[in-house]
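Trainee: I should like to discuss the cysteines and the nonpolar packing of this model. May we go through them in turn?

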Amino acid sequence: MASGWFYLSCLALGSLGSLCILFTICWMQHWRGGFSWDGSIYTFNWHPVLMVAGMVVLYGAASLVYRLPQSWLGPKLPWKLLHAALHLMAFVLSVVGLVAVFKFHNHASVTNLYSLHSWLGITTILLFACQWFLGFAIFLLPWASLWLRSFLKPIHVFFGASILSLSIASVISGINEKLFFSLKNTKPYSSLPSEAVFANSTGMLVVAFGLLVLYILLASSWKRPEPGILTDRQPLLHDGE
């Protein structure tokens, strides 16, 4: 039963993550005119797509690597490498997303980093960078002592979940800000035009995805067991064989 719920949750997570990205692409393509890299408003349209794909969906997937039952047995190094590589991919997408918005702002002579959304987003990216480099230096490279890793592990886990929560908050505030700016000269946001309904729905998908990731992270029965206590959980591995 435990394995069934776990893999059902993973299926739901994959579906939600795909919908988050597809909905964001559809919003930018259908209502905002598509994509380019020439500094125009179409350059900005890469920003929400890359941030949702990187800081929410790929980041969430990377966070759950150690929840896979297959990671509970055998050497941890391949799973550490996968965890680090997925997070690095998420970081690269996020940086490109930041470049897109700065490129548009500079081309259009728009002030950078003045809104709460931008402050929240930059804070999230900076924390993510610190988190990745700390994880790489402490948990992937072989020099750190077991005591140091044990001491820093809860901090690493806490900031991992916190960064995901901040990412979701940044996306929601960004959707809201974009709608207020884009709709102020057409149909007002308060009249709920079709774009607003679609974008709000995209935000709800992002929230649902994030909550499911956090639930899987916090569910004690799905955490990687400590060495020596795998016996009670091995059926979860064998069910999928």
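Trainee: How many disulfides does a search of the whole structure find?

Mentor: This is a predicted model, in which local features need pLDDT of at least 70 and side-chain atom pairs count only at pLDDT 80 or more, while totals for chains, interfaces and linings use all residues. Residues are numbered from 1 along each chain as its sequence is written, and side-chain values use heavy atoms, with hydrogens and water left out. A disulfide is a pair of cysteine sulfur atoms within 2.5 Å. Searching the whole structure gives a disulfide count of 0.

Trainee: Which cysteine sulfur is nearest to that of Cys10?

Mentor: Cys10 takes part in no disulfide. The nearest cysteine sulfur lies 16 Å away and belongs to Cys20.

Trainee: Is Cys26 buried or exposed, or in between?

Mentor: Buried means under 20% relative accessible area, exposed over 50%, and partly exposed in between (1.4 Å probe, protein chains only). Cys26 has a relative accessibility of 34%, so the residue counts as partly exposed.

Trainee: Which helix gives the most to the largest nonpolar core?

Mentor: A nonpolar core is a set of buried Ala, Val, Leu, Ile, Met, Phe, Trp, Tyr and Cys residues joined through side-chain atoms within 4.5 Å. The largest has 45 residues, and Cys20 and Phe209 are among those touching the most other members. Helices are DSSP runs (H or I, at least four residues) numbered from the N terminus; those giving two or more residues include H1 (2–30) and H7 (194–218). With 11 residues, the top contributor is H7.
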